[in-house]
Amino acid sequence: MVSMVRSEDDVLHGKDNGNNFKEIKCKANMVGSNGMSWINEIPICPTFYPTMEEFEDPLSYLEKIAPAASKFGICKIVSPISTSVPAGVVLMKEKSGFKFTTRVQPLKVAKWDSDDLTKYYMSGRKYSFREYEKIANRLFAHKFSTSANLPAKFVEQEFWHEITSGKTEFVEYACDVEGSAFSKSANDPLGNSKWNLKDISRLNKSVLRLLETSIPGVSDPMLYIGMLFSMFAWHVEDHFLYSINYHHCGASKTWYGVPGHAAYDFENVVQKYVYDGEILMHEGVDATFNLLIGKTTMFPPEILSEHEVPVYKAVQEPGEFVITFPQAYHAGFSHGFNCGEAVNFALADWFPFGATACKRYENLNRQQILPHEQLLCKEAMLLANNRSSSGNRTEWCVKVAFVRLIRLQHHYCWFLKKQEADIFYSSGHNSNVLCGVCNHWCYMAFGICQSSMHFVCLNHGMTLTPLYVF
């Protein structure tokens with residue numbers, strides 16, 4: 001990672017003190033043939049207004065709206081209560097000495113060939129909340145000659161103009177900052193509710209409550225402190241999890257979302273019309289997925305609409321939540337200085353998405369963050385021991401996912417028995433084993449190659465003999 005240290009004046013005027021951000025404009029087909037008219041044509045995602053009673057139980061409410069809302073990839077939820085302690089006070093007073101570093105984001109749409117790949121760099125400079133706010137506000141005033149809030153569509157048009165043909169070379173974005181801006185004060189109604197993002201992944205209906213250790217950014221929230229045009233590029237959440245983002249304070253954010261059922265269509269469009277084939281390291285859409293994991297691919301959603309991939313938009317204001325649903329690609333940008341916070345969670349209907357994510361990580365030999373098999377087995381055991389089972393949709397999702405896993409394991413064992421593998425049965429195994437071939441976390445069963453003594457999942461164990469199976 002390259003460290004770059006710039007002065008406040010450099011940040012304000014978007015100057016580059018090196019050669020990392022040469023001005024390279026996007027390909028003609030990335031700009032679009034209809035100017036900016038497409039901005040008015042992207043439909044708005046749904047907004048929900050829970051009652052105080054519905055707001056009492058976040059995950060029950062999200063289960064209720066998910067069947068309808070997930071068709072859009074993203075949705076907004078307007079909280080009926082607000083924080084009484086501002087995020088700035090929390091980060092300046094309750095968290096004394098709080099500072100963060102930023103990533104430098106080039107404001108351009110890359111050609112995505114071997115000569116032009118977008119990369120973000122750590123700035124090497126640490127800011128306090130107020131220091132960053134001051135610089136961000138000066139940048140906004142320098143750009144628009146005003147400090148007043150501007151219409152969302154105007155800022156959206158300016159953003160896409162800037163990254164396709166503008167003069168500002170880069171902005172700085174504080175993303176993935178460990179911590180929370182929810183107050184510890186007993187007098188803060190939202191901070192003391194179950195919608196506090198420090199707690200939501202551990203609520204009773206969240207699968208992530210079963211994790212044995214916390215994972216920053218997944219089970220524990222992270223802060224996102226932005227300035228004008230700082231962006232989050234197109235991506236899906238790790239393991240295709242749900243995410244929830246709360247807007248604490250500051251300027252609006254524009255979000256774009258693609259529903260999970262169109263994820264492969266999204267990847268096909270990116271592969272054909274965004275990436276140059278020479279940079280793809282794998283075959284098929286997995287090659288595209290592998291690049292998108294880097295979270296640096298940004299392009300106008302017009303490209304998706306032109307190729308019949310559904311895409312929706314939200315403008316998030318302070319006090320509002322944005323939910324992204326499993327396998328929903330999303331991207332967006334800030335309208336000025338702001339502070340948001342996000343964390344992942346998983347409802348029972350996530351399990352099939354999680355299984356798909358694991359398979360794709362295995363194809364790419366990528367390390368998995370979550371022990372999917374273990375989470376599913378634990379949830380299934382809790383359900384089996386629950387004498388008051390009601391047979392609702394949540395239970396049905398767990399049962400179906402668990403039966404699929406058992407059938408797959410039986411298939412592997414049947415095949416291995418035919419190969420005369422040595423199979424051992426033990427009731428004492430309760431930990432995860434990492435496959436040395438694909439990095440899959442094995443929980444139900446695993447193999448040990450007799451020649452190398454390496455752990456393998458049963459899928460790859462079928463290609464290795466002789467084999468011990470546990």
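1. The chain contains an open sheet of nine strands, which follow one another in the order β1-β2-β11-β8-β13-β6-β5-β3-β4 with mixed pairing. At its edges stand β1 (47–48) and β4 (121–127), and because each has a single partner strand, one side of each is left without a neighbour in the sheet. This is a predicted model, and the points below should be read with that in mind.

2. Within the nine-stranded sheet, strand β3 (residues 100–106) and strand β5 (residues 170–178) run antiparallel and are joined by four bridges. A reader who wishes to find this pairing in the structure may start from Gln105, whose bridge partner in β5 is Val171. Helix α6 (residues 129–144) packs on this sheet, where it touches β3, β4, β5, β6 (222–226), β8 (242–250) and β13 (338–345). The direction of helix α6 makes about 115 degrees with that of β4.

3. A further open sheet has four strands in the order β7-β12-β9-β10, with antiparallel pairing. Its edge strands are β7 and β10, each of which pairs on one side only, and the twist from one strand to the next averages 15 degrees. Helix α7 (residues 152–165) packs on this four-stranded sheet and touches β7, β9, β10 and β12, while its direction makes about 100 degrees with that of β12.

4. The pairings in the four-stranded sheet can be followed strand by strand. Strand β7 is joined to β12 by three bridges, the two running antiparallel, and in β12 the bridge partner of Met231 is Phe333. Strand β9 (residues 253–258) pairs with β10 in the antiparallel sense over five bridges; Thr254 stands opposite Val315 in β10, and Gly257 has Tyr312 as its bridge partner in that strand.

5. Are the two edge strands, β7 and β10, buried or exposed? In strand β7 (residues 231–235), five of the five residues are buried, so this strand is largely enclosed by the rest of the structure. Strand β10 (residues 312–316) is mostly covered, with four of its five residues buried.

6. The largest nonpolar core has 67 residues, and those with the most contacts inside it are Trp234 and Phe266. Helix α6 supplies the largest share of this core, namely seven residues. Leaving aside residues up to four places away in sequence, Phe266 touches Trp234, Val258, Leu292, Phe299, Leu304, Val309 and Tyr329. A second, separate core of 48 residues includes Leu59, Ile215, Phe345 and Leu370.

7. His248 lies in strand β8 and counts as buried because its relative accessibility is 10%, where the cut-off for burial is under 20%. Which residues does His248 touch, not counting residues up to four places away in sequence? They are Ala87, Ala181, Phe182, Pro318, Cys339, Gly340 and Glu341. With Glu341 the contact includes a polar one, in which the two side chains are joined at 2.7 Å. Ala87 is 161 residues apart from His248 in sequence, yet the two are 6.1 Å apart in space, C-alpha to C-alpha.

8. Two residues deserve a look at their backbone angles. Gln327 has a positive phi of about 60 degrees although it is not a glycine, and its place is in the loop between β11 (320–324) and β12 (329–334). Asn365, likewise not a glycine, has a positive phi of about 55 degrees and is placed in the loop between α11 (351–363) and α12 (372–384). As for their surroundings, Gln327 counts as buried because its relative accessibility is 6%, whereas Asn365, at 43% relative accessibility, counts as partly exposed.

9. Some totals give the setting for these details. The chain has 14 helices and 19 strands, and buried residues make up 55% of its 470 residues. Of the contacts between residues at least 6 apart in sequence, 79% join residues at least 24 apart. The chain exposes about 20600 Å², of which carbon and sulfur atoms supply 52%.

Methods. Residues numbered from 1 in each chain as written. Predicted model: local features only at pLDDT ≥ 70, side-chain atom pairs only at ≥ 80, totals over all residues. Heavy atoms only, no water. Buried < 20%, exposed > 50% of the residue type's maximum accessible area, 1.4 Å probe, protein only. Pairing = 2+ DSSP bridges. Contact = heavy atoms within 4.5 Å. Axes fitted to C-alpha atoms, helices over the stretch in contact; angles between N-to-C directions. Core = buried A, V, L, I, M, F, W, Y, C linked by side-chain atoms within 4.5 Å. Areas by Shrake-Rupley, 256 points an atom, 1.4 Å probe, with all protein chains shown as cover. Polar contact = N/O pair within 3.5 Å; in protein donor to acceptor, adjacent residues only side chain to side chain.
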